[in-house]
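Visitor: Could you walk me through this one and tell me how each label is earned?
Guide: Sure, let's have a look at it together.

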Amino acid sequence: DGEVHINELKNGNTEMFWNPTSEVRRQRLKRHIVLFEEQTDFESERLWQHVTSAINKGDQHKATQEKFVLEEEQRNAARERKESGTEWKPLLFHHDAGTNEWRYKYEDLRPWDPLNDIAQFEKDGILQTMERHLSTRMSNHKAACINNQITQHKRSAKDCRRRKTSDQPSNHSQNTESSCSTPESVQELSDDDGKYLGFESLCAQCGKEMNHLKEIHSAVLSLQKAQQDIHR
């Protein structure tokens, strides 16, 4: 939040590197945090709340005591797991045997693509990137689902016609024909026709991803605008 200078040791020159002016502060991205009552027991704000409270009150002795209580609970939990032979399985990290380090499972190290990447966000501890071509993929998947259902309708219509021209008695053929509600031709299928035929209920994957897209879209509008300002 303060000024940052570069000091050149060879010639003694000082250069301004960063100056958070009032204009810069106005363009700062809005900070989003999880509400305290929605946090789990092991999220930092909730886990360290008593330590934080003591520090804010200037009570270093109380803060040290609370910190010791937390660390002792973690030691006891580790001791109990070891005694019972229970393996600790982290949700967001994995152990790299080569470097003997813990690494984040969902790290994204690819370069940022300003033409395709809209915003990066975290949900339930998982880092994700909203991409422009995701909508295109969804449209293609939706079209594939509709085409698949159209094919099934055509196949059903052929089955109906085949039953109509069979050697069954005429009264039975009439009953079979009346039971076939599938149109014989679905070549010209508009969006309204698709809804009429029940195509609006696409596959479960479509519905899930569309709902997920809506959640993402509403959450990153402010980030998207800020990024566009940065590109300009």
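Visitor: Which residues form the nonpolar patch on the surface?
Guide: One thing up front: this is a predicted model. The patch consists of Val 4, Ile 6, Phe 17 and Trp 18, and together they have about 390 Å² of accessible area. Strand 1 (4-7) and strand 2 (14-18) are the elements that each give two or more residues to the patch.

Visitor: What makes that a patch?
Guide: The rule asks for residues with over 30% relative accessible area and no salt bridge, with nonpolar side chains joined within 5 Å. Val 4, Ile 6, Phe 17 and Trp 18 come out as a nonpolar patch, so they pass that rule.

Visitor: How do you know that strand 1 and strand 2 pair?
Guide: Pairing takes at least two bridges between the strands. Strand 1 and strand 2 have four, and they run antiparallel, so they count as a pair. Val 4, for one, has Trp 18 in strand 2 as its bridge partner. The two strands form a hairpin with six residues between them, and Gly 12 in the turn has a positive phi of about 80 degrees.

Visitor: What about strand 3 and strand 4, how many bridges do they have?
Guide: Four again: strand 3 (residues 93-96) and strand 4 (residues 101-104) pair in the antiparallel sense. Asp 96 stands opposite Glu 101 in strand 4. This hairpin has four residues between its strands, with Asn 100 in the turn at a positive phi of about 60 degrees.

Visitor: And which strand is joined to strand 5?
Guide: That's strand 6 (residues 126-131), antiparallel to strand 5 and joined to it by six bridges. Gln 120 has Thr 129 in strand 6 as its bridge partner. Two residues sit between the strands of this hairpin, where Asp 124 takes a positive phi near 55 degrees.

Visitor: Why is the contact of Glu 66 with Lys 62 called a salt bridge?
Guide: The cut-off is 4 Å between a Lys or Arg side-chain nitrogen and a carboxyl oxygen of Asp or Glu. Here the closest N and O atoms are 3.1 Å apart, so the contact qualifies. Both residues lie in helix 4, four residues apart, about one turn of the helix. The count of salt bridges comes to 10.

Visitor: What lines the largest pocket?
Guide: The lining has 35 residues, and Glu 43, Leu 92, Glu 122, Asp 124 and Gly 125 lie nearest the centre. The pocket holds about 1400 Å³ of space. Helix 2 (44-47), helix 4 (60-84), strand 5 (117-123) and helix 8 (204-231) each supply at least two lining residues. By type, the lining divides into 18 nonpolar, six polar and 11 charged.

Methods. Residues numbered from 1 in each chain as written. Predicted model: local features only at pLDDT ≥ 70, side-chain atom pairs only at ≥ 80, totals over all residues. Heavy atoms only, no water. 1 Å grid on protein atoms, 1.4 Å probe; cavity = no way out; pocket = protein on both sides within 12 Å on 5 of 7 lines; lining within 4 Å. Points joined across faces, edges and corners; volume = space filled by probe spheres on them. Nonpolar A, V, L, I, M, F, W, Y, C, P; charged D, E, K, R; others polar. Patch = residues over 30% accessible without salt bridge, like charges linked within 9 Å, V, L, I, M, F, W, Y side chains within 5 Å. Areas by Shrake-Rupley, 256 points an atom, 1.4 Å probe, with all protein chains shown as cover.
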